Amino acid sequence: MLETQISLQKEITKLVRRLRKEKSPAEILLILKKTFPLEKLKRFLIENWHIIYDEKKRTELGAYYTPNEIVDLAKRELERLLGSIEEYTILDPACGCGSFLLKDWKAKKVIGADIDKDVFEILNFLKMLLQKDIHIVHTNSLCSVSREKFGISPDDKLIIVGNPPYNDRTSKNK
């Protein structure tokens, strides 16, 4: 079983690396969806979405894949400190492909935002695959920060999670 899973991962990775040279992330995802069993593709994409994403662009935007262990730890700590988070809105203002968003939050609302159209498309695809109720905003969260920008009322209890870009070159004032 494990050997089959590793073989499938290698096959998907090899195909993605070949396609990345000439296809957009959205096109790659459609090809993967047609080529591989959906259940196995889901598992692979949740853990390896970053291989679809252009490395040069990832570096320019300061994008970093947050390991699942870190995401799980942050979620557990929030739940431990706050107890129930059912009445909170969860916002990840630099969500990338949704490491934080794709967790099973028992929250009132889950919102993600990202500046990059490619990761926005990848996240929308993952959202559809996993049937997650996530609101996604394509925007630069580092500019014009406000609750209104994300559809969050002043009365909403808010938890901001994530791993923001630390070397984003697109938002610096010139």
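**Helix 5, its salt bridges and the residues around it**

Glu-77 and Arg-80 stand three residues apart in helix 5 (residues 68–82), which means that about one helical turn separates them. The model in which they are seen is a predicted one, and within it Glu-77 and Arg-80 form a salt bridge whose closest N and O atoms are 2.8 Å apart. With a relative accessible area of 32%, Glu-77 is partly exposed, while Arg-80 is exposed, its relative accessible area being 57%.

The helix that carries this pair can be described further. Helix 5 has 15 residues and spans 21 Å from its first C-alpha to its last, close to the 21 Å expected at 1.5 Å a residue. Which of its residues are buried? Val-71, Lys-75 and Leu-78 are buried in helix 5, and because the buried residues fall within an arc of 65 degrees when one looks down the helix axis, they line one face of the helix. The face turned away from that buried side carries the exposed residues Glu-69, Arg-76, Arg-80 and Leu-81, so that Arg-80, the partner of Glu-77 in the salt bridge, has a relative accessible area of 57% and counts as exposed. What covers the buried residues of helix 5 includes strand 4, and the helix is followed by Gly-83, whose phi is positive, near 75 degrees.

Strand 4 also takes part in a second salt bridge to be considered here. Lys-157 forms a salt bridge with Glu-87, and the closest N and O atoms of this pair are 2.2 Å apart. Since Lys-157 lies in strand 4 (residues 157–160) and Glu-87 in the loop between helix 5 and strand 1 (88–92), the pair ties together parts that are 70 residues apart in sequence. Lys-157 is partly exposed, with a relative accessible area of 38%, and Glu-87 is likewise partly exposed, at 48% relative accessibility.

A further pair is formed by Lys-108 and Asp-156, whose side chains meet in a salt bridge at 2.7 Å, N to O. Because Lys-108 lies in the loop between strand 1 and strand 2 (109–114) and Asp-156 in the loop between strand 3 (135–138) and strand 4, this pair ties together parts that are 48 residues apart in sequence. Asp-156 is buried, with a relative accessible area of 10%. In the whole structure a search finds six salt bridges, among them the pairs of Glu-77 with Arg-80, Lys-157 with Glu-87 and Lys-108 with Asp-156.

What, then, surrounds a buried acidic residue that has no salt bridge? Asp-92, which lies in strand 1, is buried yet has no salt bridge, and the nearest side chain of opposite charge, that of Lys-103, is 12 Å away. A salt bridge requires the side-chain nitrogen to be within 4 Å of a carboxyl oxygen, and therefore Lys-103, at 12 Å, does not form one with Asp-92. The side chain of Asp-92 does reach the backbone nitrogen of Ala-94 at 3.2 Å, and it reaches the backbone nitrogen of Cys-95 at 3.4 Å. Residues up to four places away in sequence being left out, Asp-92 touches Phe-100, Leu-101, Ile-111, Gly-112, Ala-113, Val-161 and Gly-162.

Phe-100 and Val-161, which appear among the contacts of Asp-92, also appear among those of Trp-105. Trp-105 lies in the loop between strand 1 and strand 2, and at 9% relative accessibility it counts as buried. Apart from its neighbours within four places in sequence, Trp-105 is in contact with Lys-75, Leu-78, Ile-85, Ile-90, Phe-100, Val-110 and Val-161; of these, Lys-75 and Leu-78 are among the buried residues of helix 5. The backbone oxygen of Phe-100 lies 2.6 Å from a polar atom of the side chain of Trp-105. Trp-105 and Glu-79 are 26 residues apart in sequence and, C-alpha to C-alpha, 9.6 Å apart in space.

Two other places complete the tour. In helix 2 (residues 25–35), Pro-25, Ile-28, Leu-29 and Leu-32 are buried, and because the buried residues of helix 2 fall within an arc of 100 degrees as seen down its axis, they line one face of the helix. In the loop between strand 3 and strand 4, finally, one finds Ser-144, which has a positive phi of about 50 degrees although it is not a glycine, and which counts as exposed at 62% relative accessibility.

How values were computed
Residues are numbered from 1 along each chain as its sequence is written. This is a predicted model: local features need pLDDT of at least 70, side-chain atom pairs count only at pLDDT 80 or more; totals for chains, interfaces and linings use all residues. Side-chain values use heavy atoms; hydrogens and water are left out. Helices (H or I, at least four residues) and strands (E, at least two) are DSSP runs, numbered from the N terminus. Buried means under 20% relative accessible area, exposed over 50%, partly exposed in between (1.4 Å probe, protein chains only). Lys and Arg count as positive and Asp and Glu as negative; His and the chain ends are not counted. A polar contact is a pair of N or O atoms within 3.5 Å; within protein, one must be able to donate a hydrogen and the other to accept it, and residues adjacent in sequence count only if both atoms are side-chain atoms. Contact means heavy atoms within 4.5 Å. The expected span of a helix is 1.5 Å times one less than its number of residues. The arc is that of the directions from the helix axis to the C-beta atoms.
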